[in-house]
Amino acid sequence: MTTTPGARFESPNSVNQLLRSVGYLADEGIAAVVFLADRLAKPVLVEGPAGTGKTQLAKSVAEMTGARLIRLQCYEGLDEAKALYEWNYKKQLLRIQAEQVTQEGESWQELEADIFSEPFLMPRPLLEAIRAADPVVLLIDEVDRVEVETEALLLEVLSDYQVSVPEMGTVKAKQIPLVFLTSNNTRELSEALKRRCLFLHLDYPSVEREREIVMTRVPDIESSLADQVVRTVKLIRALELKKSPSVSETLDWARTLVLLGVSRLDTATARDTLNVLLKHRSDIDRAAKELVAAPE
């Protein structure tokens, strides 16, 4: 496949290889979506349960391309001042006071143009990503946590890669960033936002892929122990829990067992170390009962 001007990747296969080079084991679907996001200049909406590697995907793409990662962590109450930009009001006030003291004789129009200029502007993640001259990966993390009204702040950025600053005009992107939005499905996102994005669903990996992840990230672990770990985690995820263990918690558990010198995961060891894998007392109790009932 011929590489188009400005394209970051030659093919989906090259994306897959690059992701593996930074320790992110992707399947063909993930690699294809990242490739198309670059070629089509479209954001990627990554949905799925918490702890399935959504945020890590954006971080890994930034690492493998050498791009700067700019992250907007979403939360309830996020507004324009924290997402796009705000003015440095203290600095503006000092400038107005200085004008009164020195009596330079500027008109209000001249003073207004001065205080609403670049030196007084405080860019936040969205504007920072748009204005960046260097390669950027923009991560809009947990976008489902913001109110529906706040999604409107994202639409102009995601449609035209530009931001309107009334006092200064429209700021257009110097380069098109790779944009990843993550969602844990806590609420339904607007159709307008979804239309602007490529869609990628990430679920918990299969036993085979999670074993491969463990073997890659925990190189000291024995293959047989890695197999026991991921199969036990799959068993635990099937339970009705407050929070199922994430892939990162599987890795933490595997590292813990290696540090303890465990070569074979028995019921007693599993029960004694469940607090590394699970973070709610009721979940730990439920998993412990299941492990006792399950044959070793």
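Two strands are taken as paired if DSSP finds at least two bridges between them. In this predicted model, strand E6 (residues 162–165) and strand E7 (residues 169–172) are joined by four bridges and run antiparallel. Within this pair, Ser164 has Thr170 of E7 as its bridge partner. The connection from E6 to E7 is a hairpin of three residues.

An open sheet is formed by five strands, in the order E2-E5-E8-E1-E9, with parallel pairing. Strand E2 (68–73) and E9 occupy the edges; each has a single partner strand, so one side of each is left without a neighbour in the sheet. From one strand to the next, the twist averages 20 degrees. At the E2 edge, six bridges connect E2 to strand E5 (residues 136–141), and the two run parallel. One residue pair in this ladder can be named: Leu72 has Ile140 of E5 as its bridge partner.

Helix H2 (residues 28–40) lies across three strands, namely strand E1 (44–47), strand E8 (178–183) and E9. The angle between H2 and E9 is about 160 degrees.

A further packing arrangement involves two helices. Two packed helices are described by the angle between their axes and the distance between the axes. For helix H1 (residues 12–21) and H3, the axes come within 9 Å and cross at roughly 95 degrees. Because angles of 65 to 115 degrees count as roughly perpendicular, H1 is roughly perpendicular to H3. On the H1 side, the contact is made by Val15, Leu18 and Leu19; on the H3 side, Leu57, Ser60, Val61 and Met64 take part. By class, the residues of this contact comprise six nonpolar, one polar and no charged.

Empty space in the model was also examined. The largest pocket holds about 680 Å³ of space. Its lining consists of 33 residues, and those nearest the centre of the pocket are Tyr24, Gly51, Thr52, Gly53 and Lys54. Two or more lining residues are given by each of helix H3 (54–65), strand E9 (198–201), helix H10 (207–217) and helix H12 (247–259). Helix H3 therefore contributes to the pocket lining as well as to the contact with H1. Strand E9, an edge strand of the sheet, likewise gives residues to the lining. The lining divides into 12 nonpolar, 11 polar and 10 charged residues.

Methods:
Residues numbered from 1 in each chain as written. Predicted model: local features only at pLDDT ≥ 70, side-chain atom pairs only at ≥ 80, totals over all residues. Heavy atoms only, no water. 1 Å grid on protein atoms, 1.4 Å probe; cavity = no way out; pocket = protein on both sides within 12 Å on 5 of 7 lines; lining within 4 Å. Points joined across faces, edges and corners; volume = space filled by probe spheres on them. Nonpolar A, V, L, I, M, F, W, Y, C, P; charged D, E, K, R; others polar. Axes fitted to C-alpha atoms, helices over the stretch in contact; angles between N-to-C directions. Contact = heavy atoms within 4.5 Å. Parallel < 35°, antiparallel > 145°, perpendicular 65-115°, else oblique.
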